Amino acid sequence: MKLILTSLSLMALAAAPAAAWAAAVGQPAPAFSATDTAGRTISLADFKGRHVVLEWVNPGCPYVRKHYESGNLPATQKQATAQGVVWLAVNSTASEHGDYLPPGQLAAWMKARGAVPTATLMDEDGQLGRAYGARTTPHMYVIDPKGVLVYAGAIDSKPTANPADIASATNHVTAALADTLAGRAVATPVTRPYGCAVKYGGAG
Amino acid sequence: MRLPRLLIVAALWVGALDAASAQAPGPVVTTPQVRAELVAHAPEGVGAGKPVALGLLIRHQPHWHTYWKNPGDSGLPTTLEWQLPAGFEAGPIEWPTPSRLPLGPLMNYGYEGTLLLPVALTVPPDFAADTLDLRLRAEWLVCKDVCIPESGEFALQLPARAATAAHAAAFAAARAAVPAPLPQAQGRARVDGTALALRVEGLPAAWQGRELSFFPETPGVIQNAAKPVAQWEGAAWVAQVPLDPQRAESPTQMPAVFTVPGEAAGVQLTLAVKGAWPAVGGSAAPVAAVDAAAAPAAPAAPIGLALALAFAVVGGMLLNLMPCVFPVLSLKVLGFARHAGERRALLAGGLAYTVGVVASFVALAGLLLALRAGGEQLGWGFQLQSPWVVAGLALLFTLIGLNLAGMFEFGSLLPDRVATLQLRHPLLDSLLTGVLAVAVAAPCTAPFMGASLGLAVTLPTVQALAVFAALGFGMALPYLAASAWPAVARALPRPGPWMATFKGLMAFPMFATVVWLVWVLGQQVGIDGAAALLGTLVALAFLVWAIGGAGHSRAVRAALGTLGAVLLAAALVWTAPALRSELAAAPAAADATWQAWSPERVARAQAEGQAVFVDFTAAWCVTCQFNKRTTLASDAVMADFAARRVLLLRADWTRRDAAITAELTRLGRSGVPVYALYAPGAATPRLLGEILSVAEVRGALAALP
């Protein structure tokens, strides 16, 4: 029986990627609806006509901590939201994973580091993450006011865990926002994300 | 309870860094996840020209892993930063073949257990010291269900005049696990819409038929977690690998590693990438595509099922008049004349023909729908996009032509039993004629079929099959009517000696069809392939003449037949590789006035306020070629295009092209020709008729804003 279950779930995994990685830059961003850490229902459709940033977050990941504890991500969030950009942090860590933080603790962790996202979304079942093909924390996405995905990839150009590298790195999200806010095509629309794997259910 | 665990992980991490930096560096760094050691192998001591290898030996705790040079969906490769005395040089890491490490929907490439990352050391000629001091700073990311970035400072002193070989076995094992190039192995990759089509030849013979692992060294190109759809075609491994929709790289060369289970190392080879990478984001083109997708092209959207069925019947009838059905129509006329005296037989034959046509249409539609369901981006005319099918049809039509020309009779080729079987079953004969008619008609998507087909492929399966059945019924209708009403049949000439003349005459349309097929094949695989096919046709004709020719004695027939069979086999051996090879250069679509089509090109011109005319065409589409040589060659039309500064683009579908297939689908069509005129700034084009008239084009141009 266990063998059957295992092979069934393996088949499900093998079948998943075809449907899972739907989001593509230049295409409409997949619609979603999720609950945030305050219990509100947040939908992408709520922000039609505005620029939206999605940020995959997991406080258990050293690469996420690199960008929070250095103040890099909070500062990027502050700068973006001041320009009217909607910033949605997304936590796709499965609830059975050791890194998982319940909504209250996650919100407190973010707040303690000066984070100012518009909302922090809970995605324990990984649906939102799979729809966007989010693979790492952090993994960043920018959606334009027409609902088109215009950037997907890394937070910056130096894929290390060393906070000292932030100063000399190019912040791809800030650059993409500058382009799209000015109505230009994003100069670097896709980069390779770096960080820890997103802790989807059934992983590890 | 979550936070404390987090703190523990953080503490472990900080602890690991402390351990590495606080003490004076030695050859070993131990963290809770790995034991890493700087090791060396210098069996002849250290000196210029002597083999010296260095390496980082990593022993992972169970279930922890570090990453390959392409880490896959997440992770980072281990990096080595050497501090060596002047003149010494450390080579790049010689990465052993990694394992696939699935993690939920993600796929990583890396190593568990014991790993040695070797590098070669170059010793300068003036090196004369007794010892060599090595220092290394290494960084690695080690993950299980959590990830920990670690680093270490290593130091090691090697004696110059004594052998260092304590880790000889580890280095030997590492060398055996590093993939090596194979001289005869070569591969190429072709960008095929949203997938990469791989073809690798010259892999070890023992691998044939086995499942292969494919590791691209270039990160950020393919969907790592997707299993390639792979098969062996003889000695060649052929696979489709889906591209990452968030692809970060568009390389022209992709080094990759291939291996089979149980093989320590595998084969390293560089794939030359052909074809244009689809644009990734940024440009206005995909946005325009989105707008247009929301409002599909006018003809496809509003048709209901009943109307589609009616269109299908009419379109099917008109198919009989299409140039590529004509040769088969002539076969049918022969059939009528033969049976004109027997009404019942005629009607039965008509019904059998109808059944054959409808069944073939439904079968083709079923295949099309199944392939669509399988994710293949195929259109209606796909049969003739395969050089093999074109060559096969050329052989078939040559045979039919030779038969009609009287070089042989089918009866003399087939055993008597089969021949009489055929005579006793004229119904079967009619059925097969129907099937043949459909096979030839498929690429000629006539004007009225376009919309029906476009709708059909978007319909639920049952309705789609109904549309195709209606199409088949329409095509068979004239034949059926003639067989049912003697008035129609009686209008046909009486059987007589003229039939032999007519039969001979009919050989020429067959040979003309062969000329067309050879030309199509030439477009697909080049002049060598076309010449090879012609050679094969000559060999076939010789064989047929040798066996079937009247007046040959038994011995002559046997000798010539053997020779003919050998010739034909040799010709086929010559032809087969030519058919496999693809034309390197794009077909001569682009000339001074016409440029190659791409969605980006259309979007760019529109953004610049220029009108665009797109000719969706294919070499095997006779209607397309007719339009190209008449209306689109007309001076009046070309002058109008020039006067209105219309950008002329040609989308050549002669060979499979996923981008064009996708665009045709978007326009509600599944075949060519399609003529689309985009007004400046309009997301949706105006589609013109498939039999293009000068007046229609000029009218459409005059209506431009």
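Okay, one definition before anything else: when I say buried I mean under 20% relative accessible area, exposed is over 50%, and partly exposed is what sits in between. Keep that in your heads, because B:Arg137, at 26% relative accessibility, lands in the partly exposed class. And a heads-up: what you're looking at is a predicted model.

So, chain B. It has 705 residues, and buried ones make up 50% of them. On the secondary structure side, we get 21 helices and 23 strands. If you take contacts in chain B between residues at least 6 apart in sequence, 74% of them join residues at least 24 apart. The accessible surface of the chain is about 30,500 Å², with carbon and sulfur atoms accounting for 64% of that.

Right, salt bridges. Over all chains the count is 14. Let me go back to B:Arg137, whose partner is B:Glu153, with the closest N and O atoms 3.1 Å apart. That pair links distant parts of the chain: B:Glu153 is in strand β11, residues 147-159, B:Arg137 is in strand β10, residues 131-143, and they are 16 residues apart. B:Glu153 comes out at 24% relative accessibility, so it's partly exposed.

Two other pairs I'd like to show you. B:Arg35 bridges to B:Glu37, closest N and O atoms at 3.0 Å. Which of the classes does B:Glu37 fall in? At 13% relative accessibility, B:Glu37 is buried, while B:Arg35, at 32%, is partly exposed. Then there's B:Glu201 with B:Arg199, where the closest N and O are 2.9 Å apart. Here the arginine is the buried one: B:Arg199 has 12% relative accessibility, and B:Glu201, at 33%, counts as partly exposed.

There's also a little network, where salt bridges with shared partners join A:Arg135, B:Asp73 and B:Asp244. Hang on to that one, since it takes us over to chain A in a minute.

Before that, a quick stop at the surface. There's a nonpolar patch made of B:Val355, B:Leu428, B:Leu431, B:Leu432 and B:Val435, together giving about 400 Å² of accessible area. Where does the largest share of the patch come from? From helix α10, residues 426-441, which puts in 4 residues. B:Leu432 sits in that helix, and its relative accessible area is 49%, so it's partly exposed.

Okay, the interface. People often give the size of an interface as the accessible area lost when the parts come together. For chain B and chain A that buried area is about 3,700 Å², and carbon and sulfur atoms give 63% of it. In residues, 38 from chain B are in contact with 50 from chain A.

How many salt bridges are there between chain B and chain A? The count is 2. In one salt bridge, the side chains of B:Asp244 and A:Arg135 meet at 2.8 Å, N to O. On top of that, the rule finds 4 residue pairs in polar contact across the interface, both residues at pLDDT 80 or more. As for which elements of chain B give two or more residues to the side touching chain A, those are α1 (2-22), β4 (66-72), β11 and α3 (285-294). The largest share of that side, 6 residues, comes from α1(B). And yes, β11 is the strand that holds B:Glu153.

That's my tour, over to you.

Terms used. Residues are numbered from 1 along each chain as its sequence is written. Chains are lettered from A and ligands numbered from 1 in the order in which they are written. This is a predicted model: local features need pLDDT of at least 70, side-chain atom pairs count only at pLDDT 80 or more; totals for chains, interfaces and linings use all residues. Side-chain values use heavy atoms; hydrogens and water are left out. Buried means under 20% relative accessible area, exposed over 50%, partly exposed in between (1.4 Å probe, protein chains only). Contact means heavy atoms within 4.5 Å. Accessible areas come from the Shrake-Rupley method with a 1.4 Å probe; for residues, only the protein chains shown count as cover. A salt bridge is a side-chain nitrogen of Lys or Arg within 4 Å of a carboxyl oxygen of Asp or Glu. Patches are made of residues with over 30% relative accessible area and no salt bridge: like charges are joined within 9 Å, nonpolar side chains (Val, Leu, Ile, Met, Phe, Trp, Tyr) within 5 Å. Buried area is the accessible area (1.4 Å probe) that two parts lose on being put together, summed over both. A polar contact is a pair of N or O atoms within 3.5 Å; within protein, one must be able to donate a hydrogen and the other to accept it, and residues adjacent in sequence count only if both atoms are side-chain atoms.
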